[in-house]
Structures are given as structure tokens and as C-alpha cells.
Amino acid sequence: MAIPQFASSQLTRDVLSGYIKAFLDSLNGGRTQTRATYECALREFMRWFEQDGRFLFAVDDVYRYKDYLTKLRKLRPASVSTYLNALRQLCEYLHQHEVIAYNPAKHVRSFVRRRTAGFEALTKVEVDRLIGSVDQNDRRGLRDTVIIRLMVEYGVAEIELIRLDVRDYVFIAAIGALKMRGREKDSKLLLRQDMTSLMNQYFA
């Protein structure tokens, strides 16, 4: 059955509610988490749609709705993004079914996410303080010291540490080494004498 076409100015509350229901029903054919999220967001939009009384699916209308969410409702950026995305998907649905001529919410974004500050390397003083804070008088302390030093001094990644097994600790010409899984084939990490002594102490 073909969906009837209307000019945006003719979309009454009841007509728009019908389109919203059809849109929600098209989402994987069931009440998925996505449907529940969109349903909640579009319910808020419908409340504002009735209150506003002059939404004609123009870009300026979408910006007015965004202002309502941010300035009057004072929602957090993540919530505004969710609400606008639901409206954007609804408008795309209406556009694809030729109910409206274009998607007015397509290029209306909520907020630009701030880039988090880059990670800074620890200084030698900070590394020494970190290692010095570990009590090496028990097995757990020795283990933690081994982990920290492997990461800081040898660049061993967390995932590589997780994959390591006791059998990966070997000796090559009397030099302690670790078989590194996930790296190049037969890759081995040679350890300095002080690190080898610490490993032997832990395994003992």
C-alpha cells in the first residue's frame, strides 16, 4: 500500500503520528533497543511539535528544535545528539517515501566532541617513583614490578602481557627472553641481566 503524500505544511499531528509509527515499525520489525530509544526521542519531538505549532520541516525549524533541547530543556550534549539523530532518521524515512522534499535535519549536528588531551610519557622520576611505590617483599609485589618494568622499559603492550605464559620465558645463550605472541613469527624479547634476575626471583 503506497504511503500518501502531503506537503509539509499539511502534516497535522495525527498524520505525523501515523508516519512515526510506520517509521518505528520499519526498525527491524520489532521492539529493539534502537526502536525504544527512537520512540522516546520522537515522543519528546511530538510534544514540542504541538507546542511549537509552526514546524514545516525546514532546516531553520530543526535548529529551533535544537535550541529548545539545549536552552530550554538544558539537556546534555549526548542527549541532544540522541534526540536529533532520531529526528534525522525520521526525516530521512519521510524523504525516501517522498512525503517531504528533502531531509532538513541531515546536516544539523549537535555538538563537536572535544578531543581529549594526548597522553604524555612518564618522566624518569615518575617511573622511579611508580616502581618504588610497589612493595617487592611478596610475590604479588614482584609480579607488579615485572609488569610495570616490562611495559615501561620494554614497551610491552597490555594485550601482550595478558597473552604471556610461563612457558614463554626462555633462555637464549644464557640470556633471558620472552616469546612475544602476536608479533612477528618467532619474535623474542631479550631481557637485560637485572630484568632476568627479577624474573627468576618471581618464578622462584
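**Helix 6, two cores and a few single residues**

Colleague: This is a predicted model, so let's start with helix 6. Which of the residues in helix 6 are buried?

Modeller: Buried here means under 20% relative accessible area. By that cut-off, the buried residues of helix 6 are G141, L142, T145, V146, I148, R149, L150 and Y154.

Colleague: And what covers the buried residues of helix 6?

Modeller: Contact means heavy atoms within 4.5 Å. The cover over those buried helix 6 residues includes both helices and strands: helix 5, helix 7 (158-163), strand 2 (175-179), strand 3 and helix 8.

Colleague: How far apart are the end C-alpha atoms of helix 6?

Modeller: Helix 6 runs over residues 139-154, which makes 16 residues. The expected span is 1.5 Å times one less than that number, so it should come to 22 Å. The model agrees, with the end C-alpha atoms separated by 21 Å.

Colleague: Which residue just after helix 6 takes a positive phi?

Modeller: Look right past the end of helix 6 for a phi of about 70°. The residue with that positive phi is G155.

Colleague: Moving to the largest nonpolar core, which helix gives it the largest share?

Modeller: That core has 34 residues, and L16, F23, F45, F57, Y65, L69 and L94 have the most contacts inside it. Helix 1 (13-25), helix 2 (33-52), helix 3 (59-72) and helix 4 each give two or more residues. The largest share is nine residues, and it comes from helix 4.

Colleague: How many residues are in the other core?

Modeller: It lies apart from the largest one, and its members include L150, L191, M195 and L198. L150 is also one of the buried residues of helix 6. The size of this other core is 14 residues.

Colleague: Is T196 buried or exposed?

Modeller: T196 sits in helix 8 (residues 193-203). Beyond its sequence neighbours up to four places away, it touches Y169, F171, G176 and L191. Its relative accessible area is 4%, under the 20% cut-off, so T196 is buried.

Colleague: What about K188: which residues does it touch, leaving out those up to four places away in sequence?

Modeller: K188 is in strand 3 (residues 188-190) and counts as partly exposed because its relative accessibility is 36%. With that sequence limit applied, K188 touches I172, L178 and K179.

Colleague: Last one: which residues make the nonpolar surface patch of about 260 Å²?

Modeller: One member, Y102, lies in the loop between helix 4 (77-96) and helix 5 (124-132). At 41% relative accessibility, Y102 is partly exposed. The full patch is made by V59, Y63 and Y102.

How values were computed:
Residues numbered from 1 in each chain as written. Predicted model: local features only at pLDDT ≥ 70, side-chain atom pairs only at ≥ 80, totals over all residues. Heavy atoms only, no water. Patch = residues over 30% accessible without salt bridge, like charges linked within 9 Å, V, L, I, M, F, W, Y side chains within 5 Å. Areas by Shrake-Rupley, 256 points an atom, 1.4 Å probe, with all protein chains shown as cover. Salt bridge = Lys/Arg side-chain N within 4 Å of Asp/Glu carboxyl O. Helix = DSSP H or I, 4+ residues; strand = E, 2+ residues; numbered from the N terminus. Buried < 20%, exposed > 50% of the residue type's maximum accessible area, 1.4 Å probe, protein only. Core = buried A, V, L, I, M, F, W, Y, C linked by side-chain atoms within 4.5 Å.
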